[in-house]
Amino acid sequence: MAKRAREMYIEEGNAVRKTVAVPKRQERPVPSRRRQRKTFKKSAIKAEQSMGFDLRYTVVLALMLVMVILSCVIMLTVQGSVENKERKIESLQEEIQDIEADNTAYENKLNSMYSLEDIYNIATGELGMVYSENGSIIYYESEQGDYVKQYSDVPKTAD
């Protein structure tokens with residue numbers, strides 16, 4: 001009977017095919033309590049060391065956290081200043097457009113204010129100016145070339 005308890009039959013349908021022997025279960029020896037305590041202490045020490053939350057780790061972690069927060073604050077500050085400068089640039093561009101429009105309007109007003117005939121009439125009638133005649137223009141060479149200061153009347157003939 002003991003032999004039958006260790007054997008197992010495989011059935012497929014209504015026929016029995018093979019007898020398979022079930023291996024005997026091996027029992028491990030029970031470790032002594034003293035050995036269990038040492039193992040428990042060692043594993044507890046290893047678990048504590050593997051957690052890594054000692055003072056050095058905590059300080060480094062805190063420093064990294066402070067650096068991340070500081071970099072975020074700096075980034076937000078720089079981003080805010082960039083946005084302010086962009087708004088200022090936009091307002092200055094609008095101001096330039098307004099000034100250019102005013103300048104164009106003033107230029108058009110000046111161009112349409114007097115015609116060439118009006119300028120001739122004012123110059124000859126009110127200011128007494130006349131057109132130059134042939135020979136009334138005298139050319140002479142300057143020593144400096146850039147400009148001429150006139151301290152007296154220009155001579156009638158060139159020397």
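Biologist: Before we look at Y120, what do buried, exposed and partly exposed mean here?

Modeller: Buried means under 20% relative accessible area, exposed means over 50%, and partly exposed lies in between, with a 1.4 Å probe and protein chains only. This is a predicted model, in which local features need pLDDT of at least 70, side-chain atom pairs count only at pLDDT 80 or more, and totals for chains, interfaces and linings use all residues. Residues are numbered from 1 along each chain as its sequence is written, and side-chain values use heavy atoms, with hydrogens and water left out.

Biologist: Which class does Y120 fall into?

Modeller: Y120 counts as partly exposed, because its relative accessibility is 40%.

Biologist: How many aromatic pairs are there in the whole structure?

Modeller: The search finds 1 aromatic pair. Rings of Phe, Tyr and Trp (its six-membered ring) pair if their centres lie within 6.5 Å; planes under 30 degrees apart count as stacked, over 60 as edge-to-face and the rest as tilted. The rings of Y120 and Y131 have centres 5.6 Å apart and planes at 25°, so this pair is stacked.

Biologist: Which parts does that pair tie together?

Modeller: Y120 lies in helix α4 and Y131 in the segment after α4, so the pair ties together parts 11 residues apart in sequence. Helices (H or I, at least four residues) and strands (E, at least two) are DSSP runs, numbered from the N terminus.

Biologist: Is Y131 buried or exposed?

Modeller: Y131 is exposed, as its relative accessible area is 66%.

Biologist: Turning to L116, where is that residue?

Modeller: L116 is placed in helix α4, and L116 is exposed, at a relative accessible area of 73%.
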